[in-house]
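Let's take a walk through a protein together. Keep the picture in view as you read, and look for each part as we come to it.

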Amino acid sequence: QVQLVESGGGLAQPGGSLRLSCKASGRIASIASMGWYRLAPGDKRVLVASISSNNIPLYADSAEGRFTISRDNAANTVHLQMNSLKPEDTAVYYCRYSAYTTLWGQGIQVTVSP
């Protein structure tokens, strides 16, 4: 069974940066893609960025040019570097693991406020 542990959220000022990390443990499939989604109040959970098993990234329009997703396969960890943060980036961010099954992390709060 794969487990996901997220870290790195918190409070940032507009224009600031945060780095989210998601470590997967257990039987990790080599074909697994991993990604970050977010859920803002009153909204539905949406893709922020994902990265395939061969390191091909995909970004939502809102993240393009500001966020960078990367993965460390040796450490089974995926990172999301978020720069130039905006108040509208405020949300709970969820790590997602997708291979033969789809698993979600518990979510981590990101708040962007002066």
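In what order do the strands of the open sheet of 4 strands lie? Keep in mind as you look that this is a predicted model. Going across the sheet, you meet the strands in the order β1-β3-β8-β7, and their pairing is antiparallel. As a bit of background, strands of a sheet pair through backbone hydrogen bonds, and they can do so in a parallel or an antiparallel way.

Now find the two ends of that order. β1 (3–7) and β7 (67–72) are the edge strands; each has a single partner strand, so one side of each is left without a neighbour in the sheet. The sheet also twists, by 15 degrees on average from one strand to the next.

Let's move to the pairing of β3 with β8. Strand β8 covers residues 77–82, and 6 bridges in the antiparallel sense connect it with β3. Across this pairing you can find R19 facing Q81, a residue of β8.

Next, how many disulfides does the structure hold? There is 1, and it joins C22 to C95, with 2.1 Å from S to S. Here is what that link is chemically: a disulfide is a covalent bond between the sulfur atoms of two cysteines. In this protein the bond brings together distant parts of the chain, since C22 sits in strand β3 (residues 18–25) and C95 in strand β9 (residues 91–98), 73 residues apart. Are these two cysteines, C22 and C95, buried or exposed? Both are buried. The link of C22 and C95 also has a handedness: the angle about the S-S bond is -80 degrees, and the link is left-handed.

Our last stop is a group of aromatic rings. The structure has 1 aromatic pair. The ring centres of Y37 and W104 are 5.0 Å apart and the planes meet at 75 degrees; because planes over 60 degrees apart count as edge-to-face, that is the name for this pair. Y37 belongs to strand β4 (residues 33–39) and W104 to strand β10 (residues 102–104), so the pair ties together parts 67 residues apart in sequence.

How do these two rings fare for exposure? Y37 has 15% relative accessibility and so counts as buried, while W104, at 33%, counts as partly exposed.

Finally, look for R45. R45 lies over the face of W104, at 3.7 Å from the ring centre, and R45 also lies over the face of Y94, at 4.7 Å from that ring's centre.

Conventions: Residues numbered from 1 in each chain as written. Predicted model: local features only at pLDDT ≥ 70, side-chain atom pairs only at ≥ 80, totals over all residues. Heavy atoms only, no water. Disulfide = S-S within 2.5 Å. Helix = DSSP H or I, 4+ residues; strand = E, 2+ residues; numbered from the N terminus. Buried < 20%, exposed > 50% of the residue type's maximum accessible area, 1.4 Å probe, protein only. Phe/Tyr/Trp six-rings, centres within 6.5 Å; stacked < 30°, edge-to-face > 60°. Lys NZ or Arg CZ within 6 Å of the ring centre and 35° of its normal. Pairing = 2+ DSSP bridges. Axes fitted to C-alpha atoms, helices over the stretch in contact; angles between N-to-C directions.
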